[in-house]
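Please walk through the structure shown below, residue by residue and element by element. The paragraphs that follow are meant to be read with the sequence and the model side by side.

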Amino acid sequence: MSELTLTLIKLGFLAVLWLFVLSAVSVVRSDIFGTKATAGPRTAARPAAAKPEKTRRPKRAGRGRPSHLHVVEGPNAGQSVPLGDGPVLLGRGTDAAIRLDDDYVSTRHARFATNGEQWFVEDLGSTNGTYLGSQRITSPVPIEPGVQVRLGKTIVELRK
Amino acid sequence: MSVRDTARNQRDASWVPRKRRGAELVLTMMAVVIGVAAYAAVGLGTEGTIPADTFKLGGFLAVVAVATTLLVRRVAPYADPVLLPLVIALNGLGLAMIYRLDVGRQALDPDRAAFANGQLVWTTLGVVAFAVTLTLLRDHRRLQAFTYSFGLAAIVLLVLPLLPVVGREINGARIWINLGPFSFQPGEAAKVCLAIFFAGYLVVKRDALALAGRRFLGIDLPRGRDLGPILVAWLISIGVLVLQKDLGSSVLFFGLFVVMLYIATERPGWLVVGALLVTAGVTLGYWQFGHVRTRFDAWLDPFTGDAGYQVKTGLFGLAHGGILGTGWGQGSPQTTPYSFSDYIIASLGEELGLTGLMAILLIYGLIVERGLRIALTCRDGFGKLLAAGLAVSFALQVFVVVGGVTRLIPLTGLTTPFLAQGGSSIVLNWLIIALLLRISDQTRRPAPSPASLASSDTQVVRLP
């Protein structure tokens, strides 16, 4: 084996190794940016709906954000809790922001959390579930002020 | 249009995740080519001919690659497409380097043991563990039901090597157990069990940990009863590790514990507390234990005395490799003690140079990135924490090993995932990849139709 062949083998192997790494990186890259939206009623409607929202956003940041969580129906109706930046826990337990006096509510039932712009509601594995309308939620769902969220026999909503 | 149809249309209109199984197949084939090319290059470099069993190894790698990609296509069609090829490439590189070191070490002394065939057997077992996990575990959330069982299993696994009959002491560390002709390092399995335990426990308790409790010196201290079980599990594991003198795993488990606590509670205070505890532990270890002091002295000054021999030869090897390396079979990595296990990074650094080592570190980086990405996109808290924990433990392990070999931190005994010779490590790392793929399949799969719930009038009650 001559010195030259061995050097060529060495460089060739390094080239193949880097080719592999770079291809993996490119798959990762297209994996991040390459998710396609299929055409459907929702995507078609989105540009129209999105535009006014965008122009409204700067104003909304100061004024339009919900300021407290209000219990609309159920044993604790009328109670409310002010919203800050942190998450709000709802349930029958002592660590809940509002101690719901509702037998159909779990000790730690649901959590309201914000990312700074939008509020989300997340079910914490409660027995009877958390509902938006008739839909039981399984993952964090963004909610707007005025949308009613049902936990057991209690209904809560965000208010401005 | 009924309610059900509307729901389905809305779901279909949201973005559809791409499976990218074709890209995975192409990358996997490239990974096989890398493994086979490395093996052939070893033969050309050492003996001038392509080794006779290149085709055997090539066939083996090709079978592993095809079998695993087909399995993923079948049981986890939406799983991450990059993880599997990356792992196969690392495994192939490791097999080639172990074979190369067998040749080199037996040229020095014909009586030395060969490891390449054993590693091949262990890789097969690892792939079997991967296949079984991926096939049987269809939903990672089922692991959450066994949170405390996994916690207990971790403690049992850690205690096993200390027991008189099953335990075996090698090189001053009592971390092996006898399994017939083989020995097994249960600490690797304990790592996975602990990650599952921490994830299952923290996902239930994170609110209690983050929100309830007193504030002290700017750090929110949780209540004792919330932290109790996790502290007990941690103290037992660390205590056992101190008794077994296994430094690397102590650092790894503690790091895993702190980072998962940080991820679960979103309180950076835990990282500060963790860093302080590590400093305190290291200082205490330095003054109390002889073997810690030896490691420190070998790290600070490897060129005087015998303690730093391994560190020293490893550094000479890396220097010999330079930017482009000596080429497969052209260097002399076999002169470093444990060049096939703890020091395989230095061996690869010598023969592939900085260029090759950077590629290998990038492969590790990509694996960790994919793990964290899976954690970010995962919809349920348990999967999030588990994926993040596994990715972080992988990252910590690579950092501790590579940092030790390159003399950034004191050398501690941990295996280099997928590269180093060692059965338990390779089997458990394949299992970790199976778990990550399972979580990513769940994550990227389109959400199942909620229509059945919407259309039913009966309230569904799920018992905890």
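H291(B) counts as partly exposed, because its relative accessibility is 26%, a value that lies between the 20% under which a residue is buried and the 50% over which a residue is exposed. In this predicted model, H291(B) belongs to helix α11 of chain B, which covers residues 290-300. Ten residues along the chain from H291(B) is D301(B), and the C-alpha atoms of H291(B) and D301(B) are 15 Å apart.

A pair in chain A has the matching sequence separation of ten residues: A113(A) and D123(A), whose C-alpha atoms are 11 Å apart in space. A113(A) is part of strand β5 of chain A, residues 110-114. With a relative accessible area of 26%, A113(A) is partly exposed. Chain A as a whole contains two helices and eleven strands. Read from the N terminus, the order of these elements is α-α-β-β-β-β-β-β-β-β-β-β-β. Chain A has 160 residues, of which 38% count as buried.

The charged side chains come next. Side chains of opposite charge can pair when their charged atoms come close. Over all chains, the count is ten salt bridges. One of them joins D139(B) to R141(B), with 3.2 Å between the closest N and O atoms. Are these two partners buried or exposed, or something in between? D139(B) is partly exposed, because its relative accessibility is 22%, and R141(B) is likewise partly exposed, with a relative accessible area of 38%.

A further salt bridge links E369(B) and R370(B), and here too the closest N and O atoms are 3.2 Å apart. The two partners fall into separate classes of accessibility: E369(B) is partly exposed, at a relative accessible area of 28%, whereas R370(B) is buried, at 1% relative accessibility. This pair belongs to a network, in which salt bridges that share partners join D80(B), E369(B) and R370(B).

E188(B) and K191(B) also form a salt bridge, with an N to O distance of 3.7 Å. Both residues lie in helix α7 of chain B, residues 186-211, and they are three residues apart, which is about one turn of the helix. Both E188(B) and K191(B) are buried.

The residues E188(B) and K191(B) appear again in the description of the interior. The model has three cavities of 30 Å³ or more, and the largest cavity has a volume of about 100 Å³. Which residues line the largest cavity? Its lining includes Q185(B), G187(B), E188(B) and K191(B), together with D246(B), S249(B), L252(B) and F253(B). The lining also includes Q397(B), G413(B), L414(B) and T415(B). Two helices of chain B, α7 and α9 (247-265), each supply at least two residues of this lining. The salt-bridged partners E188(B) and K191(B) are thus among the residues that line the largest cavity.

The cysteines form another topic. A disulfide is a covalent bond between the sulfur atoms of two cysteines. How many disulfides does the structure hold over all chains? The number is zero. C193(B) is in no disulfide, and the nearest cysteine sulfur, which belongs to C378(B), is 20 Å away. The 20 Å separation explains this result, because a disulfide requires sulfur atoms within 2.5 Å. Viewed from the other partner, C378(B) is also in no disulfide, with the sulfur of C193(B) as its nearest cysteine sulfur. C193(B) is buried, because its relative accessible area is 11%. C378(B) is buried as well, at 5% relative accessibility.

The surface also has a nonpolar feature to which both chains contribute. L11(A), I323(B), L324(B), L354(B) and M358(B) form a nonpolar patch on the surface, and together these residues have about 430 Å² of accessible area. One of the members, M358(B), lies in helix α13 of chain B, residues 344-377. M358(B) is partly exposed, because its relative accessible area is 40%.

Technical notes:
Residues numbered from 1 in each chain as written. Chains lettered and ligands numbered in written order. Predicted model: local features only at pLDDT ≥ 70, side-chain atom pairs only at ≥ 80, totals over all residues. Heavy atoms only, no water. Salt bridge = Lys/Arg side-chain N within 4 Å of Asp/Glu carboxyl O. Buried < 20%, exposed > 50% of the residue type's maximum accessible area, 1.4 Å probe, protein only. Helix = DSSP H or I, 4+ residues; strand = E, 2+ residues; numbered from the N terminus. Patch = residues over 30% accessible without salt bridge, like charges linked within 9 Å, V, L, I, M, F, W, Y side chains within 5 Å. Areas by Shrake-Rupley, 256 points an atom, 1.4 Å probe, with all protein chains shown as cover. 1 Å grid on protein atoms, 1.4 Å probe; cavity = no way out; pocket = protein on both sides within 12 Å on 5 of 7 lines; lining within 4 Å. Points joined across faces, edges and corners; volume = space filled by probe spheres on them.
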